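Thanks, everyone; I would like to take a few minutes to go through one model with you. Please have a look at it on the screen before I begin.

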Amino acid sequence: MSKKQSNRTLRVFRTDESGATAIEYSLIAAGIAAAIIATISGLGTSVKTMWETIGSAFG
């Protein structure tokens, strides 16, 4: 590979930001997933307690 081709390849590689964008989107998706999991876990505990209370009222 000639020096000119090498410089061109390095320039294209340096200006390519698609990898960084993919990582950013992945981090955002992971954050959203963590928030959903935390919310569902909290709601699950509340719903379970509610049904246990209702069950004990009729049981």
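Let me begin with a definition: patches are built from residues with over 30% relative accessible area and no salt bridge, where like charges are joined within 9 Å and nonpolar side chains (Val, Leu, Ile, Met, Phe, Trp, Tyr) within 5 Å. A salt bridge here is a side-chain nitrogen of Lys or Arg within 4 Å of a carboxyl oxygen of Asp or Glu, and accessible areas come from the Shrake-Rupley method with a 1.4 Å probe.

This is a predicted model, in which local features need pLDDT of at least 70 and side-chain atom pairs count only at pLDDT 80 or more, while totals for chains, interfaces and linings use all residues. Residues are numbered from 1 along each chain as its sequence is written, and side-chain values use heavy atoms, without hydrogens and water.

The protein chain has 2 helices and 0 strands, these being DSSP runs (H or I, at least four residues; E, at least two) numbered from the N terminus. Along its principal axes, the C-alpha trace spans about 85 × 15 × 5 Å, and of the 59 residues 0% count as buried, where buried means under 20% relative accessible area, exposed over 50%, and partly exposed in between.

In helix H2 (residues 18-58) we find Ile40, which joins Tyr25, Ile28, Ile32 and Ile36 in a nonpolar surface patch of about 550 Å²; Ile40 counts as exposed because its relative accessibility is 55%.

Helix H1 (residues 3-15) holds Arg11, which is partly exposed at 46% and gathers with Lys4, Arg8 and Arg14 in a surface patch of positive charge.

Note on methods. Buried < 20%, exposed > 50% of the residue type's maximum accessible area, 1.4 Å probe, protein only. Lys, Arg positive; Asp, Glu negative; His and termini not counted. Charge placed at Lys NZ, Arg CZ, Asp CG, Glu CD.
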